[in-house]
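Work through the exercises below with the structure open. Try each task before reading its solution.

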Amino acid sequence: MKKAIILTIMFALVALTGWAQDRLIRVDSDPEARHTSRQRALFNQEKKRLLMPLDAAFGVECVPSFSPEWTLTYDSVAHALVYKIAAKSVWYTTYRSMHKQKKAGKNHTKSVPRKRPKNYVAPDVNTYSLSVTPEQVQKLRAIWRTAVGTAEDREVFMLDGTKWEFFVDGKRAKSHREKNVLVKFTNELADAVKTDNVSRKDSLLAASQNVITGLTTPPPPGKIQTAGQGQFEIDDRDQNTPYIKKLRVVTTVTYSLKD
């Protein structure tokens, strides 16, 4: 019962934080980006090698929790949108090669990191492309520049979840929320490229101004503007009752009030 209550509180806090995450966040404000393990370094290396075209001018990287990673980019040489998706999760493939099982008791084992990868086999990648006109490229670049230019500096608390990371002109911004207008747009655009649906691609780009408007429109009065999750601790209440927990959370919420 105690565990159920703690988990309920944790997910409620994540939901509260999530309500304010519909806007993009600058990547360099994320503490995760400043701490790189050997496995994460291998993952980033392989993700770039497998999924990022050499001539990608701008685009998005999608890293789901369990599904394979994918990218949607504009190839400036081929003058096309390129959608690449791994056949298996790059993250879990690199994780297995960088960890080994070690005994942690009579009937238990634990995963411990290796110094270098072992038995690593890169997953296959499926690639799809769809040509775009110079006018459509201008519209796409305007969307990406608006998104990255309006991204906010703040840290985000997430237990887990899919991450979309957008890049253009050497700058990056990310979102953990499918409700973000650019995330919805790129998901639909990626599906159009994958299915070779030219008319769907054209209709999405014809309405590109709606995406820019959604990115630049401030939240309505009376709503949560930002919510940040700080320190999070779960401890035993005392030595005699380790099954009873103390939960300590630091949360900062900014509201927009109506007159």
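The exercises go from the whole chain to ring pairs and then to the nonpolar cores.

The model is predicted.

**Exercise 1. Overall make-up**

Task: State how many helices and strands the protein has, and what share of its residues is buried.

Solution:
- Start with secondary structure. The protein has 7 helices and 11 strands.
- Turn to burial. Of the 259 residues, 39% are buried.
- Look at contacts with a separation of 6 or more. Residues 24 or more positions apart account for 63% of them.
- End with the surface. The accessible area is about 15300 Å², and carbon and sulfur atoms hold 52% of that.

**Exercise 2. A first ring pair**

Task: Classify the pair formed by tryptophan 70 and tyrosine 83 as stacked, tilted or edge-to-face.

Solution:
- The structure holds 6 aromatic pairs. This pair has ring centres 5.5 Å apart and planes at 50°.
- Apply the cut-offs. Stacked needs under 30 degrees and edge-to-face needs over 60. At 50°, the pair is therefore tilted.
- Place the rings. Tryptophan 70 is in strand S3 and tyrosine 83 in strand S4, 13 residues apart.
- Check burial. Tryptophan 70 has a relative accessible area of 10%, and tyrosine 83 has 7%. Buried means under 20%, so tryptophan 70 is buried and so is tyrosine 83.

**Exercise 3. A second ring pair**

Task: Classify the pair of tryptophan 144 and phenylalanine 166, and say which elements hold the two rings.

Solution:
- The centres lie 5.9 Å apart, with the planes at 70°. The pair is therefore edge-to-face.
- Tryptophan 144 sits in helix H4 (residues 134-149) and phenylalanine 166 in strand S8 (residues 163-168), so the pair ties together parts 22 residues apart in sequence.
- Tryptophan 144 is buried at 2% relative accessible area. Phenylalanine 166 is buried at 0%.
- Extend the picture. Ring pairs link Phe58, Tyr74, Trp144 and Phe166 into a cluster.

**Exercise 4. The cores**

Task: Find which residues touch the most other members of the largest nonpolar core.

Solution:
- The core has 33 residues. Trp70, Leu72, Trp144, Leu182 and Phe185 touch the most other members.
- Trace the contributors. Elements giving two or more residues include strand S2 (56-63), H4, S8 and helix H5 (181-194).
- Follow tryptophan 144. Beyond four places in sequence, its contacts include Phe58, Val60, Phe166, Leu182 and Phe185.
- Then look elsewhere. A second, separate core of 6 residues includes Leu51, Val63, Ala86 and Val90.

Definitions and conventions:
Residues numbered from 1 in each chain as written. Predicted model: local features only at pLDDT ≥ 70, side-chain atom pairs only at ≥ 80, totals over all residues. Heavy atoms only, no water. Phe/Tyr/Trp six-rings, centres within 6.5 Å; stacked < 30°, edge-to-face > 60°. Helix = DSSP H or I, 4+ residues; strand = E, 2+ residues; numbered from the N terminus. Buried < 20%, exposed > 50% of the residue type's maximum accessible area, 1.4 Å probe, protein only. Core = buried A, V, L, I, M, F, W, Y, C linked by side-chain atoms within 4.5 Å. Contact = heavy atoms within 4.5 Å. Areas by Shrake-Rupley, 256 points an atom, 1.4 Å probe, with all protein chains shown as cover.
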